[in-house]
Amino acid sequence: MKKESLYHYSQFTEPFSCDFTTSQIAGNVDFHMHNSHEIYLLMDGHIQYFVENACYDMNPGNLILFSNREIHKAINTTSEAFTRLVIHVNPAFIRPYCTPDTNLLECFHREPAIGNLVLLSKEEYESLVSMAQCLHEAKKNRCSYGSDLTAMTTLLQILILINRAWQKTSPGGTAPKPHRAQAIMSYIDKNLTTPMTLDSISQALSLDKYYISHLFKSETESSIFQYIVVKRVALAKELLSHGHTVLEACHLSGFHDYSNFIRTFRQTTGYTPGQFKRLSR
């Protein structure tokens with residue numbers, strides 16, 4: 001894996017962040033994941049978003065959610081810049097504000113790659129953008145009186161709005177689109193814990209290895225190897241969070257080579273598996 005494509009959780013050390021960004025490329029050009037939940041609103045432009053093995057065409061006004069278990073990446077299908085609102089939320093920070101009747105994290109507690117896209121009405125879109133601007137200003141002026149409470153209460157209101165919109169969004173109207181790399185991704189997902197090479201994948205799919213390598217790259221703008229690595233790290237992360245030892249997580253996530261597992265986990269997440277296990281407690 002190239003060094004420039006590595007992704008570090010340490011970038012999101014605060015309880016939450018809120019940013020409006022306009023650029024021609026995404027902040028991270030490869031499949032990646034976070035230790036936070038992510039709220040992503042496309043405000044202008046047209047992009048594709050991969051979540052696990054699903055692909056969504058996104059237009060202005062579309063909202064998509066990523067839990068801290070889901071790997072994802074954006075692809076700009078044009079040469080035009082696109083504008084997005086991105087909010088990261090640490091679930092541990094939000095959990096104390098949840099009640100028996102209002103689980104603010106409900107929209108993230110679902111099966112990976114299911115129910116990611118959320119449909120917003122014009123009023124909901126405008127309200128979300130307005131509240132996000134308020135949140136952004138409160139965080140920027142954090143030293144001014146009341147900015148901390150303004151940010152906190154605004155964030156809670158944003159999560160209430162998003163969960164309400166998510167609950168009423170029909171799965172049929174937000175289904176991902178078919179894509180040419182889906183069969184390759186599905187095979188990888190089903191065989192993630194077993195040793196895999198380009199040769200073994202091509203033999204299993206009865207396709208030429210150079211063909212599937214080129215197809216995957218042209219469809220996702222990432223390599224098959226990079227997808228496998230991040231998927232395995234995501235699985236190891238979940239295993240560690242559920243109490244498995246570092247050695248168990250290594251073998252159960254398909255790495256098998258312990259030193260390679262330690263190195264790859266740290267390169268991908270910014271933490272060693274042991275550090276992550278302690279933090280996840």
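These legends accompany four close-up views of a predicted model.

**View 1. The largest nonpolar core and the helices that build it.** Welcome to a core of 34 residues, in which Ile 184, Ile 188, Ile 201, Ile 224 and Phe 261 have the most contacts. At least two core residues come from each of helices H4 (182–190), H6 (209–220), H7 (224–241), H8 (246–252) and H9 (258–269). H7 gives the largest share, with 10 residues. Another core, of 32 residues, lies apart from this one and includes Phe 108, Met 131, Leu 155 and Trp 166.

**View 2. The surroundings of Ile 188.** Setting aside residues up to four places away in sequence, Ile 188 touches Met 196, Ile 201, Ile 224, Tyr 227 and Ile 228.

**View 3. Helix H4 against helix H7.** The two axes come within 11 Å and cross at roughly 35°, and the crossing of H4 past H7 is right-handed. From H4, Ile 184, Met 185, Ile 188 and Asp 189 take part, meeting Ile 224, Tyr 227, Ile 228 and Lys 231 of H7. Sorted by class, this contact has 6 nonpolar residues, 2 charged ones and no polar ones.

**View 4. Glu 52 and Glu 221, each with a positive phi.** Have a look at Glu 52, whose phi is near 55° although the residue is not glycine. Glu 52 sits in the loop between strands S3 (47–51) and S4 (54–58), and its relative accessibility is 7%, so this residue counts as buried. Glu 221, also a residue other than glycine, has phi near 60°. The loop between H6 and H7 holds Glu 221, which is partly exposed because its relative accessible area is 45%.

Note on methods:
Residues are numbered from 1 along each chain as its sequence is written. This is a predicted model: local features need pLDDT of at least 70, side-chain atom pairs count only at pLDDT 80 or more; totals for chains, interfaces and linings use all residues. Side-chain values use heavy atoms; hydrogens and water are left out. A nonpolar core is a set of buried Ala, Val, Leu, Ile, Met, Phe, Trp, Tyr and Cys residues joined through side-chain atoms within 4.5 Å. Buried means under 20% relative accessible area, exposed over 50%, partly exposed in between (1.4 Å probe, protein chains only). Helices (H or I, at least four residues) and strands (E, at least two) are DSSP runs, numbered from the N terminus. Contact means heavy atoms within 4.5 Å. Axes are lines fitted to C-alpha atoms, for helices over the stretch in contact, and angles run from 0 to 180 degrees between N-to-C directions. A crossing is left-handed if the near helix is turned anticlockwise from the far one by less than a right angle, and right-handed if clockwise. Ala, Val, Leu, Ile, Met, Phe, Trp, Tyr, Cys and Pro count as nonpolar, Asp, Glu, Lys and Arg as charged, and the others, Gly among them, as polar.
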